[in-house]
Structures are given as structure tokens and as C-alpha cells.
Amino acid sequence: MSTLMNRNTWMPDVFNDFFNNDFMVKANATAPAINVKETDKDYTVELAAPGMKSDDFNINIDNEGNLHIKMESKAEKKDENKKEHYLRREFAYSKYEQTLLLPDDVDKEKIAAKVNDGVLTIDLPKVEKAPAETTRQIEVK
């Protein structure tokens, strides 16, 4: 009897064997999705955060200039009816932490964040550079 193995068809077997083993732990499957967009003036990071409030986030920049995003939410659903007893009681807890290495052209003093409709949006404005002068006098020696 042959063993049937589930493999990705778009990735060679050698990669499957390397990544699907006990030595390399898979990434957290419950980690929120992150989008990163770039324009001429800024970068925008969007992080899926359904049901989260602004108080659930801690965003900071460390001494090395990296952006740390932490979110933690604790929710307890309970009914305080004394005449009933619980057959099932649900607790919800989620914690997530991500560190992003910021490009050198980010103006770290103007970073802003907001939560709206289940999406955390972090605006990373680029440093405004003065247009370089293209005309100049060249001295002949």
C-alpha cells in the first residue's frame, strides 16, 4: 500500500520536504492579514482587526527604528443568571505581535494610526525631499 501525501503542486518536492517538518514551525495560521501600499508620498499598512478597538493596540518605534504592532483583546461572554448553570461558557482571547522594518525614507515623527471598520491603518509618510537642482555652473580648471 502506498502512502498518499498532500503536496503543493506549484512548489517542487524539495521545498515541501524542507518546509513541512518538525524543525521549522509553521507560521501562525490565525495571524491577521497585512497589506502594505506605497505611493509617492507615503506607505500605508493595513491590518485586519475585526472587532478590535483602538485601546486594544500598542504601536511604537524602537531604538533601531523598527515599528512594533501589538494587539491584544480579551472578551468574556457570561450570563449572571443564578438559576442556571453553564454547560458551555465561551471566552475569547487574541494576541498578535508584528515588527516591521521601516524604510529609511519614512518620517518617523509623522506616523499616524487609526482603526475603522475592523481595519487598523497605519500611515507612514515619506520624508519630503527638496527637488535637486539640475542646473549649476561647472568650473573649468
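## Exercises on a predicted model

D107 is buried, its relative accessible area being 18%. The exercises below concern a predicted model.

**Exercise 1.** Determine where D107 lies and which residues it touches beyond its neighbours in sequence.

*Solution.*
1. D107 belongs to the loop that joins β5 (91–101) to β6 (112–116).
2. Buried residues have under 20% relative accessible area; D107, at 18%, is therefore classed as buried despite its position in a loop.
3. Leaving aside residues up to four places away in sequence, D107 is in contact with P125, K126 and V127.
4. A further spatial relation involves E128: 21 residues separate D107 and E128 along the chain, and their C-alpha atoms are 8.2 Å apart.

**Exercise 2.** Establish the strand order of the open sheet and identify its edge strands.

*Solution.*
1. The open sheet consists of 4 strands in the order β1-β2-β7-β6, with antiparallel pairing.
2. β1 (34–38) and β6 are the edge strands, since each of them pairs on one side only.
3. On average, neighbouring strands of this sheet are turned by 15 degrees against each other, direction ignored.
4. Strands β2 (residues 42–48) and β7 (residues 119–125) are joined by 7 bridges in the antiparallel sense.
5. Within this pairing, V45 has I122 of β7 as its bridge partner.

**Exercise 3.** Decide whether T121 is buried or exposed, and list its contacts.

*Solution.*
1. T121 is a residue of strand β7.
2. Its relative accessibility is 14%, and T121 therefore counts as buried.
3. Apart from residues up to four places away in sequence, T121 touches T44, V45 and E46, together with A112, A113 and K114.

**Exercise 4.** Describe the backbone and the accessibility of D117.

*Solution.*
1. D117 is located in the loop between β6 and β7.
2. Most residues other than glycine have a negative phi.
3. D117 is not a glycine, yet its phi is positive, at about 50 degrees.
4. With a relative accessibility of 73%, D117 counts as exposed.

**Exercise 5.** Assess the confidence of the model along the protein chain, including residues 1–12 and 14–28.

*Solution.*
1. The average pLDDT of the protein chain is 77, and 64% of the residues score at least 70.
2. In residues 1–12 the pLDDT is below 50, and the model gives this stretch 6 contacts beyond near neighbours in sequence.
3. Residues 14–28 likewise have pLDDT under 50; here the model has 8 contacts beyond four places in sequence.

Notes: Residues numbered from 1 in each chain as written. Predicted model: local features only at pLDDT ≥ 70, side-chain atom pairs only at ≥ 80, totals over all residues. Heavy atoms only, no water. Helix = DSSP H or I, 4+ residues; strand = E, 2+ residues; numbered from the N terminus. Buried < 20%, exposed > 50% of the residue type's maximum accessible area, 1.4 Å probe, protein only. Contact = heavy atoms within 4.5 Å. Pairing = 2+ DSSP bridges. Axes fitted to C-alpha atoms, helices over the stretch in contact; angles between N-to-C directions. pLDDT = per-residue confidence, 0-100.
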